[in-house]
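Hi everyone, thanks for coming. Let me put a model up on the screen and walk you through it.

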Amino acid sequence: MITLAISEAAIQCGVTEATIRKWVMRGHIEPVRRGAKPLRFDESALARCAAERMSSAEHARLDALWTQVLALG
């Protein structure tokens with residue numbers, strides 16, 4: 001298992017370290033050893049979480065765009 005530090009996890013996911021911490025607090029991703037300092041994350045679990053989180057963000061943007069398009073038409 002490959003583990004990443006929080007800074008490496010943030011770079012891999014294209015988000016900030018604060019976002020990674022929020023994902024942990026919200027239960028979207030689980031550190032390999034909870035309570036350990038520094039937090040470490042399983043690379044494959046992190047990739048799945050990032051894909052799910054980014055997908056949700058993309059869906060929200062597309063929904064907003066569709067709303068604007070429908071309002072024009």
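I'll start with the overall layout, then turn to the core, one helix and a few charged residues.

First, the ground rules. This is a predicted model, where local features need pLDDT of at least 70 and side-chain atom pairs count only at pLDDT 80 or more, while totals for chains, interfaces and linings use all residues. Residues are numbered from 1 along each chain as its sequence is written, and side-chain values use heavy atoms, with hydrogens and water left out.

So, the layout. From the N terminus on, the elements run β-α-α-β-α; helices (H or I, at least four residues) and strands (E, at least two) are DSSP runs, numbered from the N terminus. The radius of gyration, taken over C-alpha atoms, is 15 Å, well over the 11 Å that the globule rule (2.2 Å times the number of residues to the power 0.38) gives for 73 residues, so the protein is more spread out than a compact globule. The C-alpha atoms fill a box of roughly 55 × 20 × 15 Å along the principal axes.

Now the inside. Of the 73 residues, 27% count as buried, meaning under 20% relative accessible area, with exposed over 50% and partly exposed in between (1.4 Å probe, protein chains only). The largest nonpolar core, a set of buried Ala, Val, Leu, Ile, Met, Phe, Trp, Tyr and Cys residues joined through side-chain atoms within 4.5 Å, has 16 residues. Cys13, Ile20, Trp23, Ile29, Phe41 and Leu46 touch the most other members. Two or more residues each come from α1 (6-13), α2 (17-25) and α3 (43-72).

How does α1 sit against all this? Its Ile6, Ala9, Ala10 and Cys13 are buried. Seen down the helix axis, the buried residues fall within an arc of 100° (from the directions of axis to C-beta atoms), so they line one face of α1. Ile20 has contacts, that is, heavy atoms within 4.5 Å, with those four residues among others, including Phe41 and Leu46.

Last, the charges. There is one salt bridge, defined as a side-chain nitrogen of Lys or Arg within 4 Å of a carboxyl oxygen of Asp or Glu. Glu17 and Arg21 form it, at 3.6 Å, N to O. Being four residues apart in α2, they are separated by about one helical turn.

And which charged side chain is nearest to Asp42, with opposite charge? Arg48, 5.0 Å away; Asp42 is buried yet has no salt bridge (Lys and Arg count as positive, Asp and Glu as negative; His and the chain ends are not counted).

Key. Lists of a residue's contacts leave out its neighbours within four places in sequence.
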